[in-house]
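Colleague: Hi! Could you walk me through the model you have open? I'd like to hear about pockets and cores.

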Amino acid sequence: MTTNPHSGRRESEEERADRRWGDLLQELRVAQTGVQILFGFLLAVVFQPRFAELSTIDRNIYVVTVMFGSATAAALIGPVSYHRLLTGRRMKPRTVTWASHLTKLGLGLLFCTMCSTLLLILRVALHNTVALWLVGLMALWFAVCWFVFPLWAIAGGHGEGAGGDRARTPASGGSNDLRG
């Protein structure tokens with residue numbers, strides 16, 4: 001067992017993969033629940049009586065939103081399938097890496113799903129261009145919360161210290177590494 005230069009922990013590659021998989025599962029539980037609720041809502045919309053009154057543009061936004069929702073669900077549920085199909089094949093570190101990539105893709109798709117869902121709802125509710133401005137502001141807020149703040153933390157080295165997983169070490173050249 002050696003000390004990982006990226007995390008400062010004494011763990012084997014397999015132990016690291018197990019820890020990262022557990023962390024990823026916790027993150028996926030939160031994201032999957034939200035996506036499943038949102039996707040269920042989206043599927044029910046088409047069966048509402050008022051759906052027939054939507055303009056062609058709003059129907060197109062709905063179709064795009066459902067497709068984003070489907071792609072999001074696939075990306076965020078994909079790591080579970082990936083792990084299950086590869087369990088026992090001594091591929092855990094690679095499984096965790098690919099599951100992490102799918103999760104990041106899923107978060108990007110969730111961003112698109114949330115924005116298009118907001119656009120559809122606000123267009124129907126407001127019937128004016130204020131909807132676009134509100135969606136733009138919320139898209140900016142999502143981007144700040146989901147992407148800017150974490151990147152800012154990386155750039156500023158805010159992930160170091162007691163209990164942190166990203167200690168700076170001479171071997172890593174002083175940079176923080178998200179590969180955890």
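Colleague: By class, what residues are in the lining of the second largest pocket?

Modeller: Keep in mind that this is a predicted model. The lining has seven nonpolar residues, one polar and one charged.

Colleague: Which residues line the second largest pocket?

Modeller: Phe41, Val45, Gln48, Arg50, Phe51, Leu54, Leu120, Ile121 and Val124. Two elements, α1 (13-45) and α3 (92-126), each give two or more residues to that lining. The largest share comes from α3, with three residues.

Colleague: And how much space lies in the second largest pocket?

Modeller: About 190 Å³.

Colleague: Thanks! Switching topic: which residues in the largest nonpolar core touch the most other members?

Modeller: That core has 18 residues, and Phe51, Tyr62, Val66, Phe111, Cys115 and Val135 are the ones touching the most other members. Four helices give two or more residues to this core: α1, α2 (56-86), α3 and α4 (130-156). Its largest share, five residues, comes from α3.

Colleague: Phe51 came up for the pocket too. What does Phe51 touch, not counting residues up to four places away in sequence?

Modeller: Phe51 touches Val45, Val46, Arg59 and Tyr62 on that count. Val45 also lines the second largest pocket, as does Phe51, while Tyr62 belongs to the largest nonpolar core along with Phe51.

Colleague: Nice. What other core lies apart from the largest one?

Modeller: Another core, of 11 residues, lies apart from it, and its members include Ala17, Leu28, Ala99 and Leu110.

Key
Residues numbered from 1 in each chain as written. Predicted model: local features only at pLDDT ≥ 70, side-chain atom pairs only at ≥ 80, totals over all residues. Heavy atoms only, no water. 1 Å grid on protein atoms, 1.4 Å probe; cavity = no way out; pocket = protein on both sides within 12 Å on 5 of 7 lines; lining within 4 Å. Points joined across faces, edges and corners; volume = space filled by probe spheres on them. Nonpolar A, V, L, I, M, F, W, Y, C, P; charged D, E, K, R; others polar. Core = buried A, V, L, I, M, F, W, Y, C linked by side-chain atoms within 4.5 Å. Buried < 20%, exposed > 50% of the residue type's maximum accessible area, 1.4 Å probe, protein only. Contact = heavy atoms within 4.5 Å.
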